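Take a walk through this model, one strand and a few charged side chains at a time. Keep the viewer open as you read.

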Amino acid sequence: MFSPYCNNNVHNIVNIKRPVYLTYSFINHWIQIRKKSSVTNNKIEVSSTDILTDETQFRALEKSVTPLCRMPYEKQLVLKQHWTNTVCKELRSRLHNAKTLIRLPKVFPISSSPQINKYRNKDEFNFRPGIDGNPKTLGFFVSNPTKENIYCVSAMKLINMKQSHKDIAQVFEAFVRKSELPASYDHMDGGFWRGIIVRSNLKGDKMAIVVANPRGYANEVMLDEQRKFNDYLKSININVQSLYFHPSLHTRSSKDSTFILVDGDKYIYEDLCSFKFRISPDSFFQINTLAAEVLYKELFKLINLTKTSTLLDLCSGTGTVSIIGSQHVQSCVGIESVAQAVNDAKETAKINNIHNCDFIEGKVEMVLKQVLDELSMTSDLCAVLNPGRAGVHPKVINAIRNNRLINTLAYVSCKADSPITMKNLVELVVNNKKSRPFTLNSIKPVDMFPHTKHCELIFMFKR
């Protein structure tokens, strides 16, 4: 349940029987495969010698999570620049099919990440049987093409991950292997231990969140296991500033909001663009802090805010766009569905003595229209939409298009070639009789995820 480029809880699956395939569009261009296919469906065949064994399991996981790690970083950037151009051309093609002619936007050169190894500030590890059959193997998943015989492989050799995260995962695996309680692969299987999430900041402060399946287990059992693991960490001098226990009844732990502080501080804090941000167990924060600084500097360079502007921050997470942008505008309004992230954003504003930001809890598609109605007297309304790789509901795009005050929009995407994101981008530009379309002026790539196939794209729209 790990995504190599964002915080969503997603299984990482890599094929282990011949032939092996990975979704990897820009490598296709790099090796000059001539067969035409869509941006989202390109595949590349990996060596048929990659049969999963004790020796090859780490290479298989590496190819899934960090497929570019053996390539010089300069070449990685060339590939991602090429991929950005491909996304641009695909967008034009789709608009042409929708009978909307556009000029190609300006594509800026890609900005590199200041840190290319050990940059991830959040990692999620889960249990599954290992290649050796041990049912309590902690790491990331590999599977054959039919998704049978899923195995777990340790993340110890992944170079985009901090050593401190790997160490905590290794310690937790050792603890669980000594426990009498079974591992849980599914919320209905009767197991208890699901995995662990590790977060950290640039200073090295660490937060560990133990995820367990409480179904069928008494509170006394859960409390006892929390205490035992806390004692175990202290006995081997593993320093964790914040230890949480997260009972989750669902397959995806993000559906549960219960986080029990076992020991230490409730929060860790991170410095970003000269602001101090509070981070809770389930709050979204950009996965690569130093590259996030590059992203936000480029964003505000492009959006060109003024002291009379109001900044509408959609899918605001812990409020990074609003907090950083507050110095450039009259006021900011952030909308975010995760309650704790909203609380973090409000507290961050207080910590930084910021008084012109307001944060609203709710799904953007449910509350945006009301917020826009309340901002009807605003003279200059600029919007930033940063929805993650899943894109946004069509209602959000419709509300933005139908609002006559929004003439500047930055759409920030970590997976621009996903079907929903592509649909969002097309719907912003396509001609229709109901509302005035935007024009896509420019695209700016920023490499947030070295060694992976993805980068952030900032799409600048004007009308």
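How many of the residues of strand β8 (residues 206-212) are buried? The model is predicted, and in it 7 of the 7 residues of β8 are buried. The cover lies on both faces. On one side sit K206, A208, V210 and A212; on the other sit M207, I209 and V211. Here buried means under 20% relative accessible area.

Now step back to the whole chain. The chain holds 11 helices and 19 strands. Of its 463 residues, 57% are buried. Among contacts with a separation of 6 or more, 68% join residues 24 or more positions apart. The accessible surface is about 20200 Å², and carbon and sulfur atoms supply 50% of that area.

Return to β8 and look at its partners. Strand β7 (residues 193-200) runs antiparallel to β8, and 7 bridges join the two. One bridge pairs W193 with A212 of β8. β7 and β8 form a hairpin, with 5 residues between them. In that turn, G204 has a positive phi of about 105°.

Strand β9 (residues 242-247) also pairs with β8, but in the parallel sense, over 6 bridges. V211 has H246 of β9 as a bridge partner. Helix α5 (residues 219-235) completes the picture: β8, α5 and β9 make a right-handed β-α-β unit.

Helix α5 also carries charged pairs. R227 and D231 both lie in this helix, 4 residues apart, about one turn. Their side chains meet in a salt bridge at 3.4 Å, N to O. How covered are the two ends? R227 is partly exposed, with a relative accessible area of 44%. D231 is partly exposed as well, at 40%. The pair belongs to a network of salt bridges that links D224, E225, R227, K228 and D231.

The chain has 16 salt bridges by this count. Two of them share E62. In helix α2 (residues 57-65), R59 and E62 lie 3 residues apart, about one turn of the helix. Their side chains form a salt bridge at 2.1 Å, N to O. E62 also meets R70 in a salt bridge, at 2.7 Å, N to O.

Which of these three residues are buried, and which exposed? E62 counts as buried because its relative accessible area is 11%. R59 is partly exposed, at 29%. R70 is exposed, with a relative accessible area of 60%.

Methods
Residues numbered from 1 in each chain as written. Predicted model: local features only at pLDDT ≥ 70, side-chain atom pairs only at ≥ 80, totals over all residues. Heavy atoms only, no water. Buried < 20%, exposed > 50% of the residue type's maximum accessible area, 1.4 Å probe, protein only. Contact = heavy atoms within 4.5 Å. Areas by Shrake-Rupley, 256 points an atom, 1.4 Å probe, with all protein chains shown as cover. Pairing = 2+ DSSP bridges. Right-handed = clockwise from strand over helix to strand, strands pointing away. Salt bridge = Lys/Arg side-chain N within 4 Å of Asp/Glu carboxyl O.
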